[in-house]
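Student: Hey, I've just opened this one and I'm new to it. Can you walk me through some charged spots and cysteines?

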Amino acid sequence: MSSVQPGCLWVVATPIGHRDDFSARAVATLREVAVIAAEDTRHSRPLLLHHGIATPLIALHEHNEREVVEAVVRRLQGGESVALISDAGTPLVSDPGFRLVRAARAAGIRCSPVPGACAAIAALSVAGLPSDRFVFEGFLPPKSAARRARLQELAGDPRTLIFYESSHRVAESLADMRAVFGDGREAVLARELTKLFETVLDEPLARLAERVANDPDQQRGECVILVAGRGEEVDAKLAEGRRVFAILREELPPAKAAKLAAAVSGAARKALYEG
Ligand code: SAM
C-alpha cells in the first residue's frame, strides 16, 4: 500500500475587479500548492504576480477540461496539492471546474473552498431587492425566442432572480424581461462592480430597459441583472409619480408638486402626497 497521502484540491476565488479583493488565505494557498489550474493562464498571470504568486500554472478551460481532469486527479492522488481558479470570482459559478471537482470527489480527494468574490452575490448585496430567497440563473440563452421562453418559466417565481449578461446583449435582455415580467417589476443593473465605473441602477423594468437602450455607456463592461420576484411589482404609474414628485418637490410646495406629478404620471395625487 502506498504511504503517499492524497493532496487537496483547493477551489480558490479570485477578485471580480478590484485586485485587492483577494483574501490572505487565497494568496497563501496559491503560493503553497504544487500547481494552479487556471481558466486562462495569460489572463491570471499578471494578477498572481501582483500578489507575489509564482506557482506554475496549467490551463483548464471548457475545451480541455475532460483531458486535464484525469492528469490533475493523478497528481492529487500522487500527493500533490492543486488549486483551481477561474478568470474572475468563484470557480464553477458560470465558470469551468465542475468536472474536476466531481472527478476529484469521486476519487476520494479532499476538496476545500477558499471563498471570496462572486459577482452574483456582490450584486445582490447592494441591489436593495429581497435577499432572503433568490435564484441564480447564470446566462440566459443568446437568442430572443429561447430567452423569452426561459423568462416565461421564471415569471411566477416569487424569489429575486439573478442573471449574468454580456454587455452587448444587456439592452435586448432587459427589453425581453420587460415584455415577459411587465413594466412595473423592480429591477437592478449592477455594472463593473468593484471597478472604476461601478454603477448600480434600480428602476421598474420599463424605465430601466428604456434608460439602458438609450445610453450606450450602460451597455459597457460586465453586468449582473437582478429582477424582483413575482409579487414585488411596483405600480409603474406610482413609481413614476414618486420620481416626478421628488424632483418637483425641490422647487414647489408639496401640494402643488403632487398635483403636477399626478397629472404627468397618471398616479393618484393622494398616493403621492397626503395634504
Ligand atoms: N465566476 C464568476 C463569479 O463568481 O461571479 C462569474 C464568471 S462569468 C464567466 C462572468 C460574468 O460575471 C460576467 O459576464 C458578468 O455577468 C459577471 N461579472 C463578473 N465580474 C463582474 C463585475 N465586476 N461586475 C458585474 N458583473 C460581473
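Tutor: Sure, let's begin with helix H10 (254–265) and helix H11 (269–272), which each supply at least two residues of the positive patch. Helices here are DSSP runs of H or I with at least four residues, strands are runs of E with at least two, and both are numbered from the N terminus. Keep in mind that this is a predicted model, where local features need pLDDT of at least 70, side-chain atom pairs count only at pLDDT 80 or more, and totals for chains, interfaces and linings use all residues. Residues are numbered from 1 along each chain as its sequence is written, and side-chain values use heavy atoms, with hydrogens and water left out.

Student: Which residues gather in that patch of positive charge?

Tutor: Lys-256, Lys-259, Arg-269 and Lys-270 gather there, on the surface. A patch takes residues with over 30% relative accessible area and no salt bridge, joining like charges within 9 Å and nonpolar side chains (Val, Leu, Ile, Met, Phe, Trp, Tyr) within 5 Å. Lys and Arg count as positive, Asp and Glu as negative, and His and the chain ends are not counted. The charge is placed at NZ of Lys, CZ of Arg, CG of Asp or CD of Glu.

Student: Is Lys-270 buried or exposed?

Tutor: Lys-270, which lies in helix H11, counts as exposed because its relative accessibility is 54%. Buried means under 20% relative accessible area, exposed means over 50%, and partly exposed is in between (Shrake-Rupley method, 1.4 Å probe, protein chains only).

Student: Switching topic: how many salt bridges are there?

Tutor: The count comes to 19 salt bridges, each being a side-chain nitrogen of Lys or Arg within 4 Å of a carboxyl oxygen of Asp or Glu. One of them joins the side chains of Glu-137 and Arg-150, at 3.0 Å from N to O. That pair links distant parts of the chain, with Glu-137 in strand S6 (residues 134–139) and Arg-150 in helix H6 (residues 144–154), 13 residues apart.

Student: Cool. What does Arg-147 pair with?

Tutor: Arg-147 forms a salt bridge with Asp-176, and their closest N and O atoms are 2.9 Å apart. This pair also links distant parts of the chain: Arg-147 sits in helix H6 and Asp-176 in helix H7 (residues 170–181), 29 residues apart. Arg-147 is buried, at 0% relative accessibility, and Asp-176 is buried too, at 3%.

Student: And Lys-195, what's its partner?

Tutor: Glu-192, with the closest N and O atoms 3.3 Å apart. Lys-195 is partly exposed at 27%, while Glu-192 is buried at 14%. Elsewhere, salt bridges that share partners join Glu-203, Arg-207, Arg-211, Glu-240 and Arg-243 into one network.

Student: Where is Arg-243?

Tutor: In helix H9 (residues 236–248). Arg-243 is partly exposed, with a relative accessible area of 35%. Its C-alpha is 37 Å from that of Ala-88, and the two residues are 155 apart along the chain.

Student: Now the cysteines. How many disulfides are there?

Tutor: Zero, where a disulfide is a pair of cysteine sulfur atoms within 2.5 Å. Cys-118 is in no disulfide, and its nearest cysteine sulfur, that of Cys-223, is 15 Å away.

Student: So why doesn't Cys-223 bond with Cys-118?

Tutor: Because the sulfur of Cys-223 is 15 Å from the closest cysteine sulfur, the one in Cys-118, and that's too far for a bond. Cys-118 is buried at 13% relative accessible area, and Cys-223 counts as buried at 6%.
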